[in-house]
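Okay, thanks for coming, everyone. I'll put the sequence and the structure up, and then we'll walk through a handful of spots together.

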Amino acid sequence: MSDIGDFVIQEGTLVRYRGPGGDVVIPPGAVRIGREAFLDCPGLTGVSVPAGATEIGPLAFANCVNLARVDLPESLEEIGAHAFFRCGALTELILPAGVTRVGNSAFSRCSGLTGVSVPAGVTEIGALTFANCASLARVDLPQGLTEIGDLAFFRCDALTDITLPAGATRIGKKAFACCANLSVVALPSSATQIDKTAFYGSDPAVAAPHIPLGEFSKMDKPKIIRGFAAAYFRSMPIEETDRIRYLAYIRRQRKRLYPLALQHEEVLRLMIAEAIIPPRDIQPLLDEAERRQNGAAQALILEYGRKI
């Protein structure tokens with residue numbers, strides 16, 4: 001074991017930082033940042049991890065509430081569980097290209113984190129990885145990602161839309177639950193294992209036209225119809241057989257879906273574009289739109305009525 005100033009290093013592992021904090025540069029001899037090395041260091045505001053370091057251990061920077069800047073080397077391969085737990089001052093994070101493993105809850109409760117880019121080598125977003133990151137508005141996911149774990153983005157209130165890459169297969173329990181402003185989620189055709197609670201307490205339009213409607217719960221079907229409408233108007237890839245199947249369902253269920261259409265304009269525009277609303281339904285729809293004081297819907301229906 002050797003002491004280098006404020007650092008205790010043992011066989012290449014930084015086992016303890018004993019300094020006051022501030023902007024810290026870790027010495028080159030540390031190839032691993034050990035478990036709890038900087039745990040509960042409120043004075044820490046910035047850290048530079050040396051070139052050659054490959055691992056940041058569990059809880060390494062947990063509860064460093066004023067840590068605002070982290071410089072990570074290209075040699076880094078692994079970030080342990082809870083490594084940056086409750087680092088509320090951290091706002092932006094670019095993980096090096098060499099990172100392949102990110103532990104559970106690694107960035108949970110980083111309330112100031114606004115954006116993150118996940119590198120190509122990461123295949124799984126583990127449980128609770130970004131849970132309670134209330135300011136997280138941008139997430140760049142790699143093409144090699146296959147799984148999003150349980151509660152991975154739980155209560156990410158600033159997240160408004162997310163597109164899962166081709167190849168993603170599983171979305172775990174409550175992965176995007178209680179995301180107050182999540183409006184659109186685009187799922188690839190590979191996404192076949194979607195837990196029924198994946199979007200619990202959130203209300204996104206889920207664009208997944210490759211998945212038969214029968215595989216979704218009654219509660220989730222309105223989200224799926226909204227997602228189909230979003231995919232329709234945003235020119236997302238839709239197989240013709242899927243397109244026909246979804247439109248047939250909307251035609252059959254149009255009366256049940258009218259309230260949804262008056263609440264979400266894209267659904268109404270879809271019904272108009274595909275001439276799903278028969279002439280006899282126009283006046284009742286207009287009356288309901290007026291009752292709801294929805295002037296935009298009234299204008300769309302009136303224009304549609306003039307054309308048919």
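**Cysteines, a cavity and a few residues**

Let's start with C133, which is buried, at a relative accessible area of 0%. Before I go on: this is a predicted model, so please hear everything today in that light.

So what about disulfides, how many are there? The count is zero. C133 is in none: its nearest cysteine sulfur belongs to C110, and that one is 5.2 Å away. The cut-off for calling a disulfide is 2.5 Å between the sulfurs. Then there's C41, where the closest cysteine sulfur is the one in C64, at 5.3 Å, so that's too far for a bond. C41 is also buried, with a relative accessible area of 10%. And just as a reminder, a disulfide is a covalent bond between the sulfur atoms of two cysteines.

Next, the cavity. With a threshold of 30 Å³ or more, we get one cavity. The largest cavity holds about 40 Å³ of space. Which residues line the largest cavity? Going along the chain, they're L95, V102, V118, V122, E124, I125, T129 and F130. If you sort that lining by class, you get six nonpolar residues, one polar and one charged.

L95 comes up again when we look at S117. S117 sits in strand β12, which covers residues 115-117. Skipping the neighbours within four places in sequence, S117 is in contact with L93, I94, L95, R138 and D140. Two of those contacts deserve a closer look. The S117 side chain makes a polar contact with the side chain of R138, at 3.3 Å, and there's another one to the side chain of D140, at 3.1 Å.

Now some backbone geometry. Most residues other than glycine have a negative phi. With that in mind, have a look at R86: it's not a glycine, yet its phi is positive, about 60 degrees. R86 is in the loop between β9 (78-79) and β10 (92-94), and it's partly exposed, at 39% relative accessible area. L128 is another non-glycine with a positive phi of about 60 degrees. You'll find L128 in the loop between β13 (124-125) and β14 (138-140). Is L128 buried, exposed or partly exposed? Partly exposed, with a relative accessible area of 30%.

Let's move on to the helices. D242 lies in helix α2, residues 240-252. D242 has 9% relative accessibility, so it counts as buried, since the cut-off for that is under 20%. What does the D242 side chain make a polar contact with? The side chain of R245, at 2.8 Å. Setting aside sequence neighbours within four places, D242 is in contact with P209 and H210.

Last stop, I276. I276 is placed in the loop between α4 (265-273) and α5 (282-291). I276 is buried as well, with a relative accessible area of 6%. Which residues does I276 touch, if we don't count those up to four places away in sequence? That would be L247, I250, R251, R254, M271 and Y304. Take L247 from that list: I276 and L247 are 29 residues apart along the chain, and their C-alpha atoms are separated by 8.7 Å.

That's my tour. Happy to rotate the model and go back to any of these spots.

Note on methods. Residues numbered from 1 in each chain as written. Predicted model: local features only at pLDDT ≥ 70, side-chain atom pairs only at ≥ 80, totals over all residues. Heavy atoms only, no water. Helix = DSSP H or I, 4+ residues; strand = E, 2+ residues; numbered from the N terminus. Buried < 20%, exposed > 50% of the residue type's maximum accessible area, 1.4 Å probe, protein only. Polar contact = N/O pair within 3.5 Å; in protein donor to acceptor, adjacent residues only side chain to side chain. Contact = heavy atoms within 4.5 Å. 1 Å grid on protein atoms, 1.4 Å probe; cavity = no way out; pocket = protein on both sides within 12 Å on 5 of 7 lines; lining within 4 Å. Points joined across faces, edges and corners; volume = space filled by probe spheres on them. Nonpolar A, V, L, I, M, F, W, Y, C, P; charged D, E, K, R; others polar.
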